[in-house]
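Subject: Handover of a structure, with notes on what was found

Dear colleague,

I am passing a structure on to you, with the sequence alongside it. My notes follow below, and I would be glad if you read them with the coordinates open.

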Amino acid sequence: VTGYSGWAEPLLAKNRTIEALRWTRDLLEATLERKPELHCYGVHEWAMLYHPADSTNPEPHKYQSRPLRVSQEVLNTVVESEPIRCTHFDAFRFFATDAKDKNLIQPTRDAQPLIEQPGCLHANMDLFKWSIKLFPWVSSKLLHDSLKLAIRARVLDMRASPYDVDGVVDDFDLSPIPIESLNGKAEYKRLQAELWKDSMPIRRELIESYDNFLKYHADHM
């Protein structure tokens, strides 16, 4: 470090770090090339709280301190109304036990590069995580852009959830998107499609950053 500048030497990265970065880079490219799934409607948040009256499983853990904006009966109906289309392992793994077999697929960590798709809110939130993983070998603009996208995705995630988050903070519109209705589903799909389109240049730039780092590392080893 000299004054207010510094240099992080890529060649000091450990082998396991390089392997993890290669895995992430391949995941990003595989996701980029797939068609978006725009019919999930954010039901993953509902599936985490699903608990039918005749269930013999313990009541699922509540992942937010907020009260629900719908009854348990309405929540159950949403989960039961049609097959769930969740493709993201880190959302699926928190499903209530009774909800897991209602998902069309059973995501695993190993299968993540095979099924992750660019319409997924959580996959687009992860772009900030993957940017941080490569830091400081990414631009500050890319960090900024991926963080802004992640916040937008999280806001949509909460607006479409069964939680009552309206008015929790003043800086964001957290009014509910009632995905239990046809109008709510249409609004969710519209906003999800906007996020998908805005995620694509960020994902491409992030892949390029990973490629540049990995090429430098390979060329100088």
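A salt bridge here is a side-chain nitrogen of Lys or Arg that lies within 4 Å of a carboxyl oxygen of Asp or Glu. By that criterion Arg 25, Asp 26, Glu 29 and Asp 211 are linked in a network of salt bridges. Please keep in mind throughout that this is a predicted model.

Overall fold

The protein chain contains 9 helices and 0 strands, so that, in the order of the sequence, its pattern reads α-α-α-α-α-α-α-α-α. Its C-alpha trace spans about 60 × 40 × 30 Å along the principal axes, and of its 221 residues 46% are buried. If one takes the contacts between residues at least 6 apart in sequence, 72% of them join residues at least 24 apart. The chain exposes about 12,100 Å², and carbon and sulfur atoms supply 55% of that area.

The network around Arg 25

Arg 25, one of the members of the network, is placed in helix α1, which covers residues 15-32. With a relative accessibility of 13%, Arg 25 counts as buried. Once its neighbours within four places in sequence are set aside, Arg 25 is in contact with Ile 207, Tyr 210, Asp 211 and Leu 214; Asp 211, in that list of contacts, is also part of the salt-bridge network.

Other salt bridges

The structure holds 14 salt bridges, and three pairs seem worth going through individually. As general background, side chains of opposite charge can pair when their charged atoms come close.

Arg 109 forms a salt bridge with Asp 90, and the closest N and O atoms of the two are 2.7 Å apart. Because Arg 109 lies in the loop between α5 and α6 (112-115) while Asp 90 lies in helix α4 (residues 89-92), the pair ties together parts that are 19 residues apart in sequence. Arg 109 counts as partly exposed at 35% relative accessibility, whereas Asp 90 is buried, with a relative accessible area of 16%.

A second pair is made by Asp 173 and Arg 159, whose side chains meet in a salt bridge at 3.6 Å, N to O. Here Asp 173 is in the loop between α8 (140-159) and α9 (182-220) and Arg 159 is in helix α8, so this pair ties together parts that are 14 residues apart in sequence. Asp 173 counts as partly exposed, at 46% relative accessibility, while Arg 159, with a relative accessible area of 13%, is buried.

In the third pair, the side chains of Lys 129 and Asp 126 meet in a salt bridge at 3.7 Å, N to O. These two residues are 3 apart in helix α7 (residues 121-134), and are therefore separated by about one helical turn. Lys 129 counts as partly exposed at 33% relative accessibility, and Asp 126 is buried at 9% relative accessible area.

The buried side of α3

In helix α3 (residues 72-81), the buried residues are Leu 75, Asn 76, Val 78 and Val 79. They cover an arc of only 160° around the axis, and therefore they lie on the same side of α3. What covers these buried residues includes α2 (44-47) and α5 (97-100).

A nonpolar surface patch

On the surface, Leu 147, Ile 151, Val 168, Val 169 and Phe 172 form a nonpolar patch, which together has about 370 Å² of accessible area. Among them, Val 168 is placed in the loop between α8 and α9, and at 41% relative accessibility Val 168 counts as partly exposed.

Cysteines

How many disulfides does the structure hold? The number is 0. The sulfur of Cys 40 is 6.7 Å from the closest cysteine sulfur, which is in Cys 120, and this is too far for a bond, given that a disulfide requires the two sulfur atoms to be within 2.5 Å. Cys 120 is likewise in no disulfide, the nearest cysteine sulfur being that of Cys 86, at 6.4 Å. Both residues lie under cover: Cys 40 is buried with a relative accessible area of 16%, and Cys 120 counts as buried at 9% relative accessibility.

With best regards

Key:
Residues numbered from 1 in each chain as written. Predicted model: local features only at pLDDT ≥ 70, side-chain atom pairs only at ≥ 80, totals over all residues. Heavy atoms only, no water. Buried < 20%, exposed > 50% of the residue type's maximum accessible area, 1.4 Å probe, protein only. Helix = DSSP H or I, 4+ residues; strand = E, 2+ residues; numbered from the N terminus. Arc of directions from axis to C-beta. Contact = heavy atoms within 4.5 Å. Patch = residues over 30% accessible without salt bridge, like charges linked within 9 Å, V, L, I, M, F, W, Y side chains within 5 Å. Areas by Shrake-Rupley, 256 points an atom, 1.4 Å probe, with all protein chains shown as cover.
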